Amino acid sequence: MLDLAKIAGQLPALSNHLATEATASQGRLIKAQELLRAAHDRQSALVEIQKQWQSRLNFTAAIPIEPLLSQIDLPSPNPRHSVFATDGSQIAPSHHEIAYCYLINIGRIMLHYDQNLLPLLDSIPEVFYKAEDLYISRQWGIRTDEWLGYCRTVSELTNLADIACRWVEPPGAHQEPNAALVDGSLIYWFLEGLPTEARDRILTPLLAAWEKLRQAHIPLVGYLSASRSGEATNFLRLQAYPYDSPECSTHCSQEQTPDQEEIEPMRDSLLWGSLLTPGQRGPLFKSTSKILELYGEEHKVYFCYVHVGAEIARLDFPAWVALDAELLEQALGIVLAQVQKGYGYPVALAEAHNQAVVRSGDRARFFALLEQQMVKVGLKNVGVSYKESRKRGSIA
């Protein structure tokens, strides 16, 4: 139990700290705006500098594909369109439960607008209990619950490609405009630290799902609400750099570069939130995250920031969407319409989450059903550990 009376004394210091940070953030924002205008004037030169010195930078800076000061109005989508979305949730394995297993639940959404068609709102649960599912990740030093999260990402994308591509088959046939949405970035940073074999088991089916969508001409969008990324703002550090060459191995300490105090910590969303008006997007950027070297050129990730009204959202696209003007415009219009219908967040993603989420009551019913089946097949002494039993029934 949290003792609010004891914690209340710590809150004034926290509030004062946040107020100080807000003031400092405003100063950094003004400086970032100045750097943005200066970088816009010499954007081509800075891009060339970045390409030349990329391997010697100790920070990741995205490459602007359009003018830095771009403020582009988003199009209205065709009234007749379809939206596909998935999201996932899970029950993690626990040695204290009646059986060591885990469950992944994928919420699937298909919404059709102005087409007189029924929507799809359901979930696909799958239970994993075999040794190869539970312990395969241990050979790479990865915890089972961590591996579960990676597998859930794969399930989300494969289910998304499945429902979307089945709807528009055969590929290339005439179809209404559509878009496939996932919650979160399309850059799977968690893969960077994985051994090659483990990484391939995750990345290969992910990119296969992307390719399936590409073949069907269905734009894929990763929607990031409240993004904390600084990839785009990091490009401005090339403008702020006080030396002729941004060679970090020579001029930078391991912890900090000479330009860092100018604009860090600064979120991209804060900077573009000061420039864009509702219904506008900023310039396209190409991410230079190292993990993208494994994606292949067709699937390199591009992104932009969009003022959706309630917030500044980051939208991620594969290269085959970002560099196709028609597909990009189609995706942007549909996403903005989804946010408007969802009162600040894409309605398809919100519904996918609602279908996927496993609540405490669902968890209890799952294990109750499992217990019934275990007893039915003749297993005895079925029950949770004494530790779990005591935690569920306090004597206080």
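The legends below describe close-up views of a predicted model.

**View 1. Strand 10 and the strands paired with it.**
Strand 10 covers residues 301-307 and is mostly covered, with seven of its seven residues buried. In a regular strand, side chains alternate between the two faces of the sheet. Val301, Phe303, Tyr305 and His307 point one way from strand 10, while Tyr302, Cys304 and Val306 point the other way. The residues of both sets are all buried. Strand 9, residues 285-286, runs antiparallel to strand 10 and is joined to it by two bridges. In this pairing Lys286 stands opposite Tyr302 of strand 10. Strand 11, residues 312-318, also runs antiparallel to strand 10, and seven bridges join these two strands. Here Tyr305 stands opposite Arg314 of strand 11.

**View 2. The hairpin of strand 10 and strand 11.**
Four residues lie between the two strands of this hairpin. Gly309 takes a positive phi in the hairpin, near 110 degrees. The strands that flank the turn, residues 301-307 and 312-318, are antiparallel.

**View 3. Surroundings of Leu181 in strand 6.**
Strand 6 comprises residues 178-183 and includes Leu181. Leu181 has a relative accessibility of 1%, so it counts as buried. Setting aside residues up to four places away in sequence, Leu181 touches Val83, Phe84, Ala85 and Thr86. The other residues it touches under that condition are Leu160, Val221, Val335, Gln338, Pro346 and Leu349. Val83 is 98 residues from Leu181 along the chain, yet the C-alpha atoms of the two are separated by 7.5 Å.

**View 4. Ser70 in the loop between strand 1 and strand 2.**
The loop that holds Ser70 runs between strand 1 (63-64) and strand 2 (72-73). Ser70 counts as buried because its relative accessibility is 12%, against a cut-off of under 20%. A polar atom of the Ser70 side chain lies 2.6 Å from the backbone oxygen of Pro67. Apart from its neighbours within four places in sequence, Ser70 is in contact with Leu276, Arg281, Gly282 and Pro283.

**View 5. Asn116 in the loop between strand 4 and strand 5.**
Strand 4 (102-113) and strand 5 (120-128) are the elements on either side of this loop. Asn116 has a positive phi, near 55 degrees, and is a residue other than glycine. With a relative accessible area of 81%, Asn116 is exposed, since exposed means over 50%.

**View 6. His217 in the loop between helix 6 and strand 7.**
The loop that contains His217 lies between helix 6 (196-215) and strand 7 (220-224). Phi of His217 is positive, about 65 degrees, although the residue is not a glycine. His217 counts as partly exposed because its relative accessibility is 40%.

**View 7. A nonpolar patch on the surface with Leu11, Leu14 and Leu18.**
Together Leu11, Leu14 and Leu18 have about 270 Å² of accessible area. Leu11 lies in helix 2, which spans residues 11-41. The relative accessible area of Leu11 is 41%, so this residue is partly exposed.

Conventions:
Residues are numbered from 1 along each chain as its sequence is written. This is a predicted model: local features need pLDDT of at least 70, side-chain atom pairs count only at pLDDT 80 or more; totals for chains, interfaces and linings use all residues. Side-chain values use heavy atoms; hydrogens and water are left out. Buried means under 20% relative accessible area, exposed over 50%, partly exposed in between (1.4 Å probe, protein chains only). A polar contact is a pair of N or O atoms within 3.5 Å; within protein, one must be able to donate a hydrogen and the other to accept it, and residues adjacent in sequence count only if both atoms are side-chain atoms. Contact means heavy atoms within 4.5 Å. Two strands pair if DSSP finds at least two bridges between them. Patches are made of residues with over 30% relative accessible area and no salt bridge: like charges are joined within 9 Å, nonpolar side chains (Val, Leu, Ile, Met, Phe, Trp, Tyr) within 5 Å. Accessible areas come from the Shrake-Rupley method with a 1.4 Å probe; for residues, only the protein chains shown count as cover. A salt bridge is a side-chain nitrogen of Lys or Arg within 4 Å of a carboxyl oxygen of Asp or Glu.
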